[in-house]
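Please look over the sequence and the model below. A short report follows, written for a first reading.

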Amino acid sequence: MAKNLLIVESPAKAKTIEKILGEDFEVKSCYGHIRDLEKSDMGIDIDNHFEPRYIVPEEKEKVVKELKSFAKKSSEVWLATDEDREGEAISWHLCEVLGLDPEQTKRIVFHEITKPAIQSAVKTPRKLDMNLVNAQQARRILDRIVGFELSPVLWRKMSMRNNLSAGRVQSVAVRLIAEREREINAFQSISSFKLEAFFAANDINNKPVTFKADGSKYNTADDAEKFLQSCIGANYTVGDIQVKPAKKTPAAPFTTSTLQQEASRKLGYSVSRTMLLAQKLYENGYISYMRTDSVNLSDTALDDIKAKITSQYGGEYVQERKYKNKNESAQEAHEAIRPTAMERLTVEDSDCRRLYELIWKRTMASQMADAELEKTIAKINISTNNQDLTAQGEVLKFEGFLKVYREDRDEEDAEEEQTEGMLPPLKLNQQVEFKEMKATERFSRPAPRFTEASLVKKLEELGIGRPSTYAPTISTILKRGYVEKRDKEGVKRSYRILLLKSGSISKLTDEETTGAEKSKLFPTDLGLVVTDFLKQYFDDIMDYGFTARIEEEFDEVAQGKLKWNRMLKDFYTPFKKDVENTIENAERIKGERELGADPTTGKPVVARMGRYGPMVQIGATDEEEKPRFAKLKATQSIETISLEEALDLFRLPRTLGQFEDNDVTVSIGRFGPYIAHDNKFYSLSKEFDPYTITLEEAVPIVNEKRKAKEERTIKVFEKEKIQVLRGPYGPYLKQGLRNFKLSKEQQERAADITVEEALKTIEELKANPPKKTARKKK
């Protein structure tokens with residue numbers, strides 16, 4: 001008898017499940033989605049209740065053909081795609097393409113790829129859940145409508161390249177980053193003086209130790225100095241001591257969002273890397289399903305965790321906890337991300353190991369006892385002004401979950417949690433030895449720029465997106481050039497210190513570096529301009545509450561409470577009116593800012609968006625003399641560049657000197673900075689600044705690039721400007737900036753190619769360009 005055919009999304013998942021199910025089942029992969037909306041005419045029949053038109057993409061035709069063949073030979077087809085809405089939709093598409101009856105086809109789901117879970121799923125198959133399918137279909141159609149309708153509006157209204165595009169969740173994510181950037185740029189730092197005093201007292205071994213006590217903050221240096229003056233010659237006495245028990249509680253086990261945040265903070269992983277590794281761990285049967293917004297743990301998992309804690313640390317470390325979701329739409333039937341077996345402390349794969357161990361520790365800690373602390377607060381009275389200073393210390397009495405794991409904090413939350421050391425034993429009315437007191441100038445800071453992790457946290461707080469959408473959203477806004485991830489160098493800043501020591505006050509100045517940031521999300525000028533335009537004309541699409549309500553409506557479709565095409569109609573009717581109104585009435589996006597006048601010519605200087613990005617323009621296009629243009633540096637922005645910085649950009653092209661009796665100049669072109677010498681052009685790498693590079697640095701670059709080109713060059717036809725060059729995949733032709741592939745036979749005799757043959761090959765390839773082969777999506 002023919003085997004049962006079970007279809008999953010990925011080959012790795014297929015391999016793991018086939019080992020579990022044995023000979024009765026043949027497990028095959030469909031490599032993700034097998035159908036998508038047609039590209040032409042949106043792929044949606046708006047007038048026919050938003051009926052989608054699906055096609056099998058060219059790169060999936062072979063997969064579909066193979067699956068049809070396997071399905072014909074099998075006694076029964078089972079569908080085991082992922083348990084979320086996307087997985088349900090893939091199963092439905094498989095039914096449609098393979099000619100299966102959704103009412104009869106067996107659909108199985110599981111939270112983890114383990115033998116008990118898979119065997120249990122096979123014993124209890126269910127039918128396809130069309131509510132989940134429709135929720136996913138509604139999301140796909142709505143996002144296609146937004147992209148299809150909005151992108152042409154941007155093309156018409158912006159003088160930029162025609163690859164601009166807008167998306168529903170992506171545009172809101174860019175708005176968050178843009179608004180944070182503007183908050184930072186507008187922020188006015190205010191200084192204050194933080195008071196700290198240092199005292200000495202004997203510890204339990206009768207050895208003198210230093211401890212710190214804090215005073216009030218003072219707004220001005222004068223106020224801080226007056227307080228220090230009032231403390232000269234004072235005695236310092238312990239006026240009050242409070243000893244309080246305190247506790248720390250472990251965080252809930254991981255959801256998709258919290259895993260992405262913590263992997264970023266602790267391991268430095270990007271959101272997409274975290275999901276890639278988590279997918280690998282899931283498909284190999286090491287962790288439960290990695291796209292979830294539930295903090296629930298099954299009874300079986302809880303028993304496994306408690307047994308592991310007891311055997312490894314002892315019964316006193318166990319404290320069973322049932323966590324509840326803050327998010328009402330979270331599905332409690334799903335589970336948090338956890339190891340499938342707590343006995344597995346680590347995994348062999350070096351890439352996955354650190355993420356697995358993080359998940360293991362977080363899961364263990366979630367069922368462990370609170371950490372118990374003893375917190376001491378002592379008031380130190382100043383005899384001369386009867387003011388109090390506060391000294392705080394804490395002692396860890398019982399480690400509890402901290403034996404395994406401590407959650408990290410985001411930058412904005414980090415200042416709230418200050419770790420306190422131990423205080424020496426202090427008694428009421430004890431006089432403590434004064435060492436010094438200082439008032440240090442501190443500056444207020446704006447909210448930090450988003451990291452990938454803190455952006456995910458914010459999106460989740462606002463109810464925008466779901467576990468499966470966070471990583472693709474961030475990847476998309478980076479790829480489209482609306483946002484960039486980069487470091488920012490800090491700048492030196494002086495600060496003042498007033499020091500009271502040995503009965504006198506001295507005034508000191510020190511230096512610190514401020515504003516340094518690592519792997520932060522910055523909006524590009526393009527992102528800022530597009531955000532402003534969309535906010536002006538499509539306020540619903542850009543509204544956080546509206547976007548969150550759309551997500552809630554998808555949830556209602558998934559629960560069978562709302563018809564998917566009804567939801568789409570309610571969205572589309574007002575949205576289409578906004579599109580038509582914008583095309584008809586909106587002005588073109590200028591994206592420009594007037595900086596002032598050029599002191600040499602008196603002409604206006606404007607920073608604006610150009611066809612190839614942000615630039616500065618001197619002069620107007622309607623003047624007799626052509627305007628001059630200069631590209632902004634990567635770290636500059638239209639919104640913040642000054643007139644002086646803009647004029648400095650026109651120092652290019654710079655002549656560095658002479659080499660081989662020819663001038664060496666440096667400039668910036670369409671493809672970035674370059675060196676020009678003897679009518680030849682050599683690109684400049686990022687490590688060199690075109691505004692500061694010297695002749696001594698430029699000459700070796702010219703020689704190195706020339707040598708590399710000579711080694712690559714097989715033949716040159718000067719008149720026709722055609723080169724026969726060596727490449728990583730064999731010889732090819734180059735004419736101007738375009739490359740043309742040679743046949744295998746031509747590659748073998750590349751040195752003998754004639755100019756006539758080269759011209760003919762180029763003409764043929766221009767007339768019939770080769771098709772690009774699409775890579776398989778996993």
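Against which helices do the buried residues of H9 pack? They pack against H1, helix H8 (256-267), helix H11 (350-366), helix H13 (452-462) and helix H14 (470-479). This is a predicted model.

**Helix H9**

The buried residues of H9 are Val-271, Thr-274, Met-275, Leu-277, Ala-278, Leu-281, Tyr-282 and Glu-283. The length of the helix can be checked. Helix H9 (residues 271-283) has 13 residues, which at 1.5 Å a residue should span 18 Å. The end C-alpha atoms of H9 are 18 Å apart, so the model agrees with the expected span. Gly-285 follows H9 and has a positive phi, near 85 degrees.

**The parallel sheet**

One open sheet has four strands in the order S2-S1-S7-S8, and the pairing is parallel. Strand S2 (25-29) and strand S8 (106-107) stand at the edges. Each has a single partner strand, so one side of each is left without a neighbour in the sheet. Strand S1 (residues 4-8) pairs with S2 in the parallel sense over five bridges. Val-8 has Ser-29 in S2 as its bridge partner. Helix H1 (residues 11-21) packs on this sheet and touches S1 and S2. The direction of H1 makes about 170 degrees with that of S2.

**The antiparallel sheet**

Another open sheet of four strands runs in the order S27-S28-S29-S30, with antiparallel pairing. Here strand S27 (713-717) and strand S30 (738-741) are at the edges. Each of these two has a single partner strand, so one side of each lacks a neighbour in the sheet. Neighbouring strands of this sheet are turned by 25 degrees against each other on average, direction ignored. Strand S29 (residues 732-735) and S30 pair in the antiparallel sense over four bridges. Tyr-732 stands opposite Lys-741 in S30.

Which strands does helix H20 touch? Helix H20 (residues 695-712) packs on the sheet and touches S27, strand S28 (722-725) and S29. The direction of H20 makes about 90 degrees with that of S27. Helix H22 (residues 755-767) lies across S27, S28, S29 and S30, and runs at about 100 degrees to S30.

**Nonpolar cores**

In soluble globular proteins, nonpolar side chains tend to be buried together. The largest nonpolar core in this model has 163 residues. Leu-6, Phe-110, Leu-355 and Phe-575 touch the most other members. Helix H5 (residues 130-157) gives the most to this core, with 11 residues. A second, separate core of 28 residues includes Phe-199, Phe-227, Leu-228 and Tyr-236.

Which residues does Phe-110 touch, not counting those up to four places away in sequence? They are Lys-13, Ile-17, Ala-80, Glu-83, Ala-117, Ile-118, Ala-121 and Tyr-282.

**A helix crossing**

Two packed helices are described by the angle between their axes and the distance between the axes. The axes of helix H3 (residues 85-98) and H5 come within 8 Å and cross at roughly 100 degrees. H3 and H5 are therefore roughly perpendicular to each other, as angles from 65 to 115 degrees count as such. On the H3 side, the contact involves Arg-85, Glu-86, Glu-88, Ala-89 and Trp-92. On the H5 side, Met-130, Leu-132, Val-133, Ala-135, Gln-136 and Gln-137 take part.

**Single residues of note**

Two residues other than glycine have a positive phi. They are set out here.

| Residue | Phi | Loop | Relative accessible area |
|---|---|---|---|
| Asp-41 | near 55 degrees | between strand S3 (36-37) and strand S4 (44-45) | 58%, exposed |
| Asn-429 | about 70 degrees | between helix H12 (411-414) and strand S14 (433-443) | 60%, exposed |

The peptide bond from Leu-652 to Pro-653 is cis, with omega near -5 degrees. Where is Pro-653 placed? Pro-653 is in the loop between helix H19 (643-648) and strand S23 (654-659).

Asp-570 sits in helix H18 (residues 564-585). Is Asp-570 buried, partly exposed or exposed? Its relative accessible area is 43%, so Asp-570 is partly exposed. In sequence, Asp-570 and Pro-253 are 317 residues apart. In space, their C-alpha atoms are 38 Å apart.

Methods. Residues are numbered from 1 along each chain as its sequence is written. This is a predicted model: local features need pLDDT of at least 70, side-chain atom pairs count only at pLDDT 80 or more; totals for chains, interfaces and linings use all residues. Side-chain values use heavy atoms; hydrogens and water are left out. Two strands pair if DSSP finds at least two bridges between them. Contact means heavy atoms within 4.5 Å. Axes are lines fitted to C-alpha atoms, for helices over the stretch in contact, and angles run from 0 to 180 degrees between N-to-C directions. Buried means under 20% relative accessible area, exposed over 50%, partly exposed in between (1.4 Å probe, protein chains only). The expected span of a helix is 1.5 Å times one less than its number of residues. A nonpolar core is a set of buried Ala, Val, Leu, Ile, Met, Phe, Trp, Tyr and Cys residues joined through side-chain atoms within 4.5 Å. Angles under 35 degrees count as roughly parallel, over 145 as roughly antiparallel, 65 to 115 as roughly perpendicular and the rest as oblique.
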